[in-house]
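I opened this one to jot down what I could look up, one entry at a time. My notes follow in the order I made them.

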Amino acid sequence: METTLKNPVQFIIKHNTIVIFLLMLLVSAMVSDAFFTANNLSNLIRQLAPVGIVSMGMLLVILTGGIDLSVGSVVAMTGVLIALFSQSMPLPIAIAAALAAGILAGGISGYLVSYQKMAPFIATLALMTMVRGCGFIFSKGAPVMVDDHAAALTDFGSGHLSGIPNPAIVLFIVFAITSILLKYNVFGRILIAIGSNEEAVHLSGIRVPLYKFSVYAITGGLAALAGIISTARTSVGSPNLGVGMELDVIAAVVIGGTSLKGGKGSAVNTFLGVLILGMMGNVMNLLDITSYSQQIIKGLIIILAVLLQRFQDK
């Protein structure tokens, strides 16, 4: 408390994610009366669910010092696959198959990064184009509608439990598991240690490539889950889904204070980063700000977040 009173600037820099989140809440309430309505908040959290789910996976990857640019394409491909599979398979098997496809895509990225020592940016960039291409081939270039055989899927996507949208409940579960993994599980602590000093972790006898491979596979699985949720919500699987999502996800993780160098970050702050990005977009939509201007403002926020990180590291 003494430090807070003596140096409020230092306090703000240290807790910048929470400060930005509270500022966004205040600004949102001031600029639009429609923001704090139940309908708007429900729609906001429902729309944020896919980005939030993928952000938890991206957090794990970035903690190890990596990055995954293929997540948006995996969301699109698995969204198409669940729409196709559900036409001819029982729904649980269709969901399992779509999740397996996402894990496979993430696993390929993980193999290239971990065992072939390919730069994460290059490996996942290649997967991004390949997986997007698969989505277009599977869908023959057109959106695939979810038919009546999978009514339970669309009912889930548009439904809610005690007023909370089902996609948001899935997001909360993924967030809780990620938090526990990073705080109370050896696996999470090893990921953070790899990002801090990979060589030291390797010399201690830990199989670093296996851990790095696993985080890409997990992220692919979470991207597939987001693709299934998106298709369930809109009743259509589109190969154009998730274009640019990787940038939103990375932005949410960075705004949440996670270091792009790895070794530093938390699920709570990443969750706040997702909410900050979502509130920004929601308020700008309510104010009829054009999408072009929104992109500029988002870019400025990301730059601000990175600059605050530098101040923190000094």
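**Entry 1: helix 4**

I began at the end of a helix: helix 4 is followed by Gly-65, whose phi is positive, near 90 degrees. A reminder to myself that this is a predicted model. Next I checked the length of helix 4, which covers residues 38-63. At 1.5 Å a residue, its 26 residues should span 38 Å, and I found the end C-alpha atoms 35 Å apart, which agrees.

Where does helix 4 bend? I found the bend at Ala-49, by about 45 degrees. A proline, Pro-50, follows within four residues. I also looked at how covered helix 4 is, and 21 of its 26 residues are buried.

**Entry 2: the largest pocket**

I went looking for empty space next. The largest pocket holds about 910 Å³. I listed its lining and got 35 residues, of which Val-51, Met-245, Asp-248, Leu-277 and Lys-298 are the closest to the pocket centre.

Which elements give two or more residues to that lining? I noted helix 4 again, along with helix 12 (208-234), helix 13 (245-255), helix 14 (267-286) and helix 15 (291-313). Helix 14 supplies the largest share, seven residues. I then sorted the lining by residue type and wrote down 18 nonpolar, 14 polar and three charged.

**Entry 3: aromatic rings**

How many aromatic pairs are there? With ring centres required to lie within 6.5 Å, I got six aromatic pairs. I opened up Phe-35 and Phe-36: their ring centres are 5.0 Å apart and their planes stand at 90 degrees, so I logged the pair as edge-to-face. The cut-off for that label is over 60 degrees.

I checked the exposure of both partners too. Phe-35 is buried, at a relative accessible area of 1%, whereas Phe-36 is partly exposed at 47%. I also wrote down one aromatic cluster, formed by Tyr-111, Tyr-115 and Phe-213.

**Entry 4: two lysines with positive phi**

Then I turned to backbone angles. Lys-117 has a phi near 55 degrees, which is positive in a residue other than glycine. I placed Lys-117 in the loop between helix 6 (91-114) and helix 7 (120-139). Is Lys-117 buried or exposed? I have it as exposed, because its relative accessible area is 63% and the cut-off is over 50%.

Lys-140 also went on my list: its phi is near 55 degrees, again a positive value in a residue other than glycine. I found Lys-140 in the loop between helix 7 and strand 1 (144-145). Its relative accessible area is 78%, so Lys-140 counts as exposed.

**Entry 5: distances across the chain**

For the last entry I picked some residue pairs and took C-alpha distances.

I started with Ile-103, which sits in helix 6. Its C-alpha atom is 4.9 Å from that of Ala-217, though the two are 114 residues apart along the chain. Ile-103 is partly exposed, with 42% relative accessibility.

Lys-183 came next, in helix 9 (residues 166-184). I got 8.6 Å between the C-alpha atoms of Lys-183 and Ser-266, with their positions 83 residues apart along the chain. Lys-183 is exposed, at a relative accessible area of 60%.

Ser-235 lies in the loop between helix 12 and strand 4 (236-237). I paired Ser-235 with Ala-150: they are 85 residues apart in sequence and 9.4 Å apart in space, C-alpha to C-alpha. At 23% relative accessibility, I put Ser-235 down as partly exposed.

How far apart in space are Leu-286 and Leu-104? I got 39 Å, C-alpha to C-alpha, for a sequence separation of 182 residues. Leu-286 belongs to helix 14, the helix with the largest share of the lining of the largest pocket. Leu-286 counts as partly exposed, at 33% relative accessibility.

Notes
Residues numbered from 1 in each chain as written. Predicted model: local features only at pLDDT ≥ 70, side-chain atom pairs only at ≥ 80, totals over all residues. Heavy atoms only, no water. Buried < 20%, exposed > 50% of the residue type's maximum accessible area, 1.4 Å probe, protein only. Phe/Tyr/Trp six-rings, centres within 6.5 Å; stacked < 30°, edge-to-face > 60°. Expected span 1.5 Å × (residues − 1). Bend = angle between axes of the 7 residues up to and from the residue. 1 Å grid on protein atoms, 1.4 Å probe; cavity = no way out; pocket = protein on both sides within 12 Å on 5 of 7 lines; lining within 4 Å. Points joined across faces, edges and corners; volume = space filled by probe spheres on them. Nonpolar A, V, L, I, M, F, W, Y, C, P; charged D, E, K, R; others polar.
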